[in-house]
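Subject: A structure for you to explore

Hi there,

Here is the structure I promised to pass on to you. Open it in your viewer and keep it beside this email while you read.

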Amino acid sequence: MAFYYFAYGSNMAPNLMARLCPEHRFLGVARLDGYRIAFTRRSLRTGTGVADIVAEPGSTVWGVLYKIGEEDVAILDRKEGHGWAYVREPFTVRLESGAEQQAVAYTVRTKEWSPVRPSRAYLGSLVSAARERVLPASYIRHLEAMADRKSVV
């Protein structure tokens with residue numbers, strides 16, 4: 001059985017997905033309207049913020065859409081800490097062509113009350129992945145601006 005997966009964080013990176021899920025298929029750049037990127041969870045490994053998506057009317061989160069197999073879902077579930085750190089939720093995303101697709105995305109299970117500062121390195125990896133996948137320039141600038149703020153560690 002095939003799954004559609006919307007990646008908006010580090011899993012946008014082609015080299016990471018190639019390593020994690022070698023059989024994945026990149027379907028294109030996609031957006032999730034009515035949500036924004038946020039940093040609502042503290043990484044156990046680094047102690048800094050990691051990406052999440054939260055509802056916000058008028059906002060858009062850009063990312064990429066993959067087609068993956070059942071075995072890939074199990075791999076991503078382990079990586080994302082499915083059930084304790086993140087949960088898989090269904091969303092409707094829109095590809096650049098305008099086509100809509102039902103997909104799953106990982107969202108933080110228990111969100112912190114206030115934003116958790118991400119590291120510059122982590123935000124840099126998001127910017128790099130966004131450039132590699134050719135997300136809209138305005139969104140890349142938005143991510144870059146986040147990396148330039150003093151609210152990062």
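Let's begin with Glu100, which you will find in strand 5 (residues 100-108). Please keep in mind that you are looking at a predicted model.

Which residues does Glu100 touch, once its neighbours within four places in sequence are set aside? They are Thr92, Val93 and Arg94. With Arg94 there is also a polar contact between the two side chains, at 2.6 Å. Now look for Gly83: it sits 17 residues from Glu100 in sequence, and their C-alpha atoms are 27 Å apart in space.

Thr92, one of the partners of Glu100, belongs to strand 4 (residues 86-95). Its relative accessible area is 35%, so Thr92 is partly exposed. Beyond the residues up to four places away in sequence, Thr92 touches Leu32, Glu100, Gln101 and Gln102. The side chains of Thr92 and Gln102 are joined by a polar contact of 2.3 Å. If you would like to try the distance tool, pick the C-alpha atoms of Thr92 and Phe26: they are 66 residues apart along the chain and separated by 17 Å.

Next, try Ser59, in strand 3 (residues 49-69). Is Ser59 buried or exposed? Its relative accessibility is 16%, and buried means under 20%, so Ser59 counts as buried. Leaving out residues up to four places away in sequence, Ser59 touches a run of residues from another part of the chain: Leu32, Asp33, Gly34, Tyr35 and Arg36. Leu32 may look familiar, since Thr92 touches Leu32 too.

Just ahead of strand 3 is the loop that follows strand 2 (25-42), and Thr48 is found in that loop. Thr48 counts as buried because its relative accessibility is 12%. Its side chain makes a polar contact with the side chain of Thr46, at 2.7 Å.

For a contrast, go to Glu23 in the loop between helix 1 and strand 2. With a relative accessible area of 64%, Glu23 is exposed. Asp72 is 49 residues from Glu23 in sequence, yet the two C-alpha atoms are 8.0 Å apart in space.

Now for the inside. In soluble globular proteins, nonpolar side chains tend to be buried together. Here the largest nonpolar core has 48 residues, and Tyr5, Phe6, Tyr8, Ile37, Leu76 and Leu135 have the most contacts inside it. Strand 3 gives the most to this core, with nine residues. Colouring Tyr5 is a good way to start: leaving aside neighbours within four places in sequence, its contacts include Met17, Val64, Leu76 and Tyr106.

Finally, there is open space to find. The largest pocket holds about 630 Å³. How many residues line the largest pocket? There are 32, and Ser10, Val50, Lys79, Glu80 and Tyr122 lie nearest its centre. Strand 1 (2-7), helix 1 (14-20), strand 3, helix 2 (70-80) and helix 3 (120-132) are the elements that give two or more residues to the lining. Helix 3 provides the largest share, six residues. By type, the lining of this pocket divides into 16 nonpolar, eleven polar and five charged residues.

Enjoy exploring, and write back with any questions!

Best wishes

Terms used
Residues numbered from 1 in each chain as written. Predicted model: local features only at pLDDT ≥ 70, side-chain atom pairs only at ≥ 80, totals over all residues. Heavy atoms only, no water. Helix = DSSP H or I, 4+ residues; strand = E, 2+ residues; numbered from the N terminus. Buried < 20%, exposed > 50% of the residue type's maximum accessible area, 1.4 Å probe, protein only. Contact = heavy atoms within 4.5 Å. Polar contact = N/O pair within 3.5 Å; in protein donor to acceptor, adjacent residues only side chain to side chain. Core = buried A, V, L, I, M, F, W, Y, C linked by side-chain atoms within 4.5 Å. 1 Å grid on protein atoms, 1.4 Å probe; cavity = no way out; pocket = protein on both sides within 12 Å on 5 of 7 lines; lining within 4 Å. Points joined across faces, edges and corners; volume = space filled by probe spheres on them. Nonpolar A, V, L, I, M, F, W, Y, C, P; charged D, E, K, R; others polar.
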